[in-house]
Amino acid sequence: PRIALFYDTSTLVHNGAGRRIDLSTAEGKDWFYCTIRDFFSFIPPRHWAAIGGRPIILLYAAAFAAQQDPALFPHVRERFKKDFGVDPYIIKQNAWQGEADSVCEWGGALGLNISACAALGPGYDHSAVPGRTPLVRDREDGAFYSRSWETLLKLNPTRRPKLVMVETWNEFHEGTDVAESAEYGRQYINLTRKYADLFHSG
C-alpha cells in the first residue's frame, strides 16, 4: 500500500508541551508544518500515496486548534515545496479556513457522508471507552459497510466523488476498524478490496 498522512489534530491539544496550539501564530504554523515534514521524512517518496504526484495530507477536525487562519495552508505548501520539491494535496474537514484541494466530512463510520471526498465506514461502537455516552452503529455482519459502498457506487460516475476515506483502519477502541482482527478476520479487508475495485473501475 501507498502511505498518506492522516493528521490527527487532537495532538494540537494533547501534546508534550501541555498546551493548545494556536495555528494563527508563526510558532503554531511552524509546529503544524514540522509534524507534516517529520512524517514524510520517514517515508521514501516512492511509497507516498499521491494524486498527480502530490502526496496526500488529510486533516482531522480544526476545533482542536486554539485558532486557525487561511494563511496556514499557503505556509504549509511553501515549506513543503522547499523541503520536498512538490506541492502536497491537502484534504480538509469543512471547518478549516483556507483553500484546500478537496473537502471531506468526518463521521462516515456512522453513515455515508458525501463531499468532494466521500467518507464511509463499517459501523461504530465505543462501549469499551470509559466516560462516553453509549453510541452504537451496528455492523450488521458487513451489510452496513456494503450498503454505504453500494449507495456511493450507484451515483452517476460523472458526479460521484473521486476520493473515498474509510473510517478507520485500526481504531479498535471505537469499533470502526477494517484491519484484520481476531473478531472479524479479513472480512472487511476483503469487502474493501471488492468495493475499491468497483470504484476504481468507474
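Which residues does Asp177 touch, not counting residues up to four places away in sequence? In this predicted model, the partners of Asp177 are Pro122, Arg139, Thr168, Trp169, Asn170, Glu171, Phe172 and Tyr184. Asp177 itself belongs to the loop that runs between strand 9 (163-166) and helix 4 (187-201). With a relative accessible area of 3%, Asp177 is buried, because anything under 20% counts as such.

Asp177 also takes part in lining the second largest pocket, together with Tyr124, Asp125, Val136, Arg137, Asp138, Arg139, Phe172, Gly175, Ser181, Glu183 and Tyr184. Two elements, strand 7 (124-125) and strand 8 (136-137), each give two or more residues to this lining. Sorted by character, the lining of the second largest pocket holds six charged residues, four nonpolar and two polar. The space in this pocket comes to about 190 Å³. Arg139, Phe172 and Tyr184, seen above as contacts of Asp177, are thus met again among the residues of this lining.

The largest pocket offers about 1800 Å³ of space. Its lining is made up of 42 residues, and those nearest the centre are Ala4, Val164, Met165, Val166 and Trp169. Trp169 is also one of the residues touched by Asp177. Helix 4 provides the largest share of the lining, with six residues. At least two residues each are supplied by strand 1 (5-7), strand 2 (50-51), strand 3, strand 4, strand 9 and helix 4. In the lining of the largest pocket, 28 residues are nonpolar, eight are charged and six are polar.

Strands 3 and 4 return in the surroundings of helix 2, whose buried residues are covered by elements including helix 1 (26-41), strand 3 (54-59) and strand 4 (89-93). Helix 2 spans residues 72-84, 13 residues in total, and extends 18 Å from its first C-alpha to its last, close to the 18 Å expected at 1.5 Å a residue. Leu72, Phe73, Val76, Arg77 and Phe80 are the buried residues of this helix. They lie on the same side of helix 2, because the arc they cover around the axis is only 130°. The spacing has a familiar background: an α-helix has 3.6 residues a turn, so residues three or four places apart point the same way. On the face of helix 2 turned away from the buried side sit the exposed residues Glu78 and Lys82. Just after the helix comes Gly85, which adopts a positive phi of about 75°.

Terms used:
Residues are numbered from 1 along each chain as its sequence is written. This is a predicted model: local features need pLDDT of at least 70, side-chain atom pairs count only at pLDDT 80 or more; totals for chains, interfaces and linings use all residues. Side-chain values use heavy atoms; hydrogens and water are left out. Helices (H or I, at least four residues) and strands (E, at least two) are DSSP runs, numbered from the N terminus. The expected span of a helix is 1.5 Å times one less than its number of residues. Buried means under 20% relative accessible area, exposed over 50%, partly exposed in between (1.4 Å probe, protein chains only). The arc is that of the directions from the helix axis to the C-beta atoms. Contact means heavy atoms within 4.5 Å. On a 1 Å grid over the protein atoms alone, a cavity is a set of points where a 1.4 Å probe fits but cannot get out, and a pocket is an open set with protein on both sides within 12 Å along at least five of seven lines; lining residues have an atom within 4 Å of a point. Grid points are joined across faces, edges and corners, and a volume is the space filled by probe spheres set on the points. Ala, Val, Leu, Ile, Met, Phe, Trp, Tyr, Cys and Pro count as nonpolar, Asp, Glu, Lys and Arg as charged, and the others, Gly among them, as polar.
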